[in-house]
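Trainee: I would be grateful for a close look at one part of this structure. Please take a single strand and follow it through its surroundings.

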Amino acid sequence: MSNKAKEIAINLKQDLLKKIDGNIKAKSNSEQAWLEKLRKDARAEFDLLGFPTVKLEAWRKTNLKSYLERKFDVNAIDKDLSSSEANTALMCEANKYDTDLYTQYNGHWMKGADGVTTYDNGTIVCPMSIAINIFSELVEPHFGKYAIDKGNALTALNTADFVEGYFVYVPDNVEHDRSLQMVNLIDSDNNIFANMRNLVVLGKNSKLRMLHCDDSVSENNCFINNITEISIADGAKLDLYKLQNKDNESVVITSTFVEQGADSNFASNTIILNGGLVKNDTKVLLNGRGANADVIGLYLMDGHQLVDNHVHITHAVSNCTSNQLFKGIVDEYAHSVFNGHTLVAKDAQQTLAFQNNNNIQLTKTSKIDTNPFLEIYADDVKCSHGATVGQLDTAAMFYIMQRGICERNAKMLLMLAFVGQVIDKIELPNLRASMTELVGKRLKGELSSCDQCSITCAEPDKPIHFEIDMSKV
Amino acid sequence: MAKSEDIIIDEVTSSDYKYGFTTDIESEDIGKGLSEDVVRIISAKKNEPEWLLEFRLKAYRKWLTMEQPDWAHLKISPIDFQEIIFYSAPKKKKELESLDEVDPELLDTFNKLGISLEEQKVLSGVAVDAVIDSVSVKTTFTDVLEKKGIIFMSFSEAVQKYPDLIKKYMGSVVPPSDNYFAALNSAVFSDGSFCYIPKGVRSPVELSTYFRINAANTGQFERTLIVADEGAYVSYLEGCTAPQRDENQLHAAIVEIVTHDNAEVKYSTVQNWYPGDKNGVGGIFNFVTKRGLCKGHHSKISWTQVETGSAVTWKYPSCILKGDHSVGEFYSVAVTNNYQQADTGSKMIHIGKNTKSTIISKGISAGKSHNSYRGLVKVSANADNSRNFSQCDSLLLGSECGAHTFPYIDTANETTVVEHEATTSKISDEQLFYCQQRGLSPEKSIGLIVNGYAKEVLNQLPMEFAAEAQKLLAISLENSVG
């Protein structure tokens, strides 16, 4: 790398450390003592580790180097945006998915939507910056308790530097019937480097459905390092949908750390339509008997995009089940990485764990790396994994084409069927319909990430149109 | 039911190594430690040409700059290379004409292992190049092979007789800088086997070599090179046993195979180095780099291994499928018991068009052992229509052992199909119940099921070897295999 680029990368680390030091100092009187300690420890860890390199196993295939060499403005001052402007920017049919919408704009809770939302049933949604002060007794027992990832510099950086994020709390025995939609929108003239920190706490036997969207409008460089800690108490159930549709210049790194109690249920469904570099780490700790985790995902990549999904599920106790399913279609020069890791601890007997990664590779220039790992220390278990890389079934193609459907549409039908397995698992009917459509557009190349966010360009009224080649009939 | 199963597992996991004995043969060594001088001494003792000494020294200097890899799922106590004797040869200098001249004690050792040279010579028609410690003591059937033009001799002999071939192929598949243990081997390799099959020749016999670590505290650094020229075929067998020792012994071997157009090499291993006792004391550290290069089109390399021994196994027989239409195969049964640790698997590197590879790996863990499969399937952008199928199953016997699977699949071609599947489970109660209700004892049932489980791999072994492999499975999982 050129010296200049090297310098930029080194400066970035120094700028961040300087910023963190400044913040810690500035807040030394106002910030909670427990948080200050966490920040200081994390700062030291980040200083020691520096940004991850390809020498680390978890980053072997995901090289941040060229991205870190871009200029980022770590102290960028955000556009001041009113709620109505943001809504215009989103052009959001906010209720399209029939959800309650909370938007973070350029890493900050949007004006007009700030403050605390408390539902009648006791459910709280509020910005993290506020939650750590007014709900300290709810936040402290969980904050930083799950995002333990020794040696991961970005986790440390996030803890040390985060400013904002969301805090969601559902009390015991509350089934929150409104779905929450957390939109994380980047639209800045600056090259943003944002660390965002979220915490979701589900009380015993509670229920929540969330949709987390990462979108961007601008074409500027941005680096988002997002950590979500999730605590799911005994008997609780969380459905988490993640939709990522970023521009090609952006780096999005999301880490989700989940700890589950007995008989709890966690279902995560990640749909990645676009992004420059997307890395999703999901770490689930099944810590109570009878807990179940379903972590599924879909990625559709082209251009020079890179998507890296890491899923790590630990079966710490007996009688838990887990299921991983990731499917992807990789086109042009794109590169996809899947790393699934199921760890069954010594006494976690009667474990059922499945792991599957299926890929369709469309070009010679694209790359697919998949590592489905099993690490098992108990004997009474049933664990399996599978991984495939292949193409569309030629026999199926032939069958469809001989029915008079042109090659392009036949391909489309097969690809839709391939991704259907993931999309059909979406329980929100509106979201499912919208996803089917978005994916259809995406596969036809009609959904571009560059100019508008997905929500903007989704046109629900326009059905996917299959052209039938009449000459073949 | 569970109780009797526990008893059996207990019996299985508490059994001692059956082949623990030492042969008293005078051996000559050069003292402990490793330095540039030691490398020079080894080379001088073997009367090696200058270029080979240079090869060794280069490798040694490279080794000094490298670090012992720690990525494997193994817990290894640090190895003190200054405590190891890097050269040891039985004191036998004169050339032997017939078996009668071989040290009777040595022959006895072979007899104890059930691999009597005479018997094999007469009955099975297998030419045996027996290696005790570091020097090949006896080569048989050379005459028969010579008529066909097949070269099969100890590595050091080949260095003297066929320096051009050695120079051309040595290090061409596993370069000295490949990894830490390959560099070490390249610097201090003591002896091994060399095999060359000329154009269009099918080896009439199965070639085999028995390795055996003998003198105490001796690292054994074998080097095997097999070259199959156009249209040639050979089946090569390797089997190992080692006597009981309390200190860990180091074994870092290199096996290189080159196949030209239309050639085929089938390499079968039964590995039964001393695994340490039931408390995890002693045992061999086995760090092996095995790699084959399918250089020509339509060439084929097939690895079959039955791994039951060693305290630590670090071994990934690989195929580089460079020639178009070349085929790579890997069949493995790895059994670990007591405190054994195995991190083994295969690498299939698809470079040529229409290349095919198959990986079948069966792991069996018992006692407090850990058994990992680690594999790589890599498809380069030019490997059109390449195909891989991998299946890695693990069987757990007992609640304190571990079975792990770490496959890596990297593809960069749109016409390739790669499939990987793996399962981990214990012997199901239904299977056991079914066998037992047919009148089999619990232990026979386990035996039957384990045998059936490993059958897919055992079937790949040559007839002569399959019986021994089954015997080894039986010994490794004492009393549970019928």
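Mentor: The account below concerns strand β19 of chain A, its setting and its partners.

The model is a predicted one, and the predictor gives the complex an ipTM of 0.83 and a pTM of 0.84. Chain A contains 11 helices and 20 strands. Of its 473 residues, 51% are buried. Among the contacts in chain A with a separation of 6 or more, 84% are between residues 24 or more positions apart.

Within this setting, β19(A) is largely enclosed by the rest of the structure, because 10 of its 10 residues are buried. Lys367(A), Asp369(A), Asn371(A), Phe373(A) and Glu375(A) point one way from the strand. Ile368(A), Thr370(A), Pro372(A), Leu374(A) and Ile376(A) point the other way, and the residues of both sets are all buried. The set that includes Phe373(A) thus holds Lys367(A), Asp369(A) and Glu375(A) as well, and these are buried too.

The pairing of the strand can be followed on both chains. Inside chain A, β19(A) pairs with strand β17 (residues 335-344) in the parallel sense, over 10 bridges. In that pairing, His341(A) stands opposite Phe373(A). Towards chain B, β19(A) is joined by 6 bridges to strand β22 (residues 402-411) of that chain, and the two run antiparallel. Here Asp369(A) has Asp410(B) in β22(B) as its bridge partner. Phe373(A) and Asp369(A), which point the same way from β19(A), therefore serve as reference points for the two pairings: Phe373(A) opposite His341(A), and Asp369(A) with Asp410(B).The contact between the chains takes 29 residues from chain A and 30 residues from chain B. On the side of chain A that touches chain B, β19 (367-376) and β20 (381-390) each supply at least two residues. By class, that side of chain A has 12 nonpolar, 10 polar and 7 charged residues. β20(A) also pairs across the contact: 8 bridges join it to strand β23 (residues 417-426) of chain B, and these strands run antiparallel. In this pairing, His385(A) stands opposite Ala422(B).

A word on confidence in the partner chain is in order. Chain B averages a pLDDT of 80, and 75% of its residues score at least 70. Over residues 91-97 of chain B, pLDDT stays under 50, and the model has 8 contacts beyond four places in sequence for them. Residues 118-126 of chain B also stay under 50, with 12 such contacts in the model. Where pLDDT is low, the predicted coordinates should not be read in detail.

Key:
Residues numbered from 1 in each chain as written. Chains lettered and ligands numbered in written order. Predicted model: local features only at pLDDT ≥ 70, side-chain atom pairs only at ≥ 80, totals over all residues. Contact = placed C-beta atoms within 7 Å. Helix = DSSP H or I, 4+ residues; strand = E, 2+ residues; numbered from the N terminus. Nonpolar A, V, L, I, M, F, W, Y, C, P; charged D, E, K, R; others polar. Pairing = 2+ DSSP bridges. pLDDT = per-residue confidence, 0-100. Buried ≥ 20, exposed ≤ 12 C-beta atoms within 10 Å, placed from the backbone.
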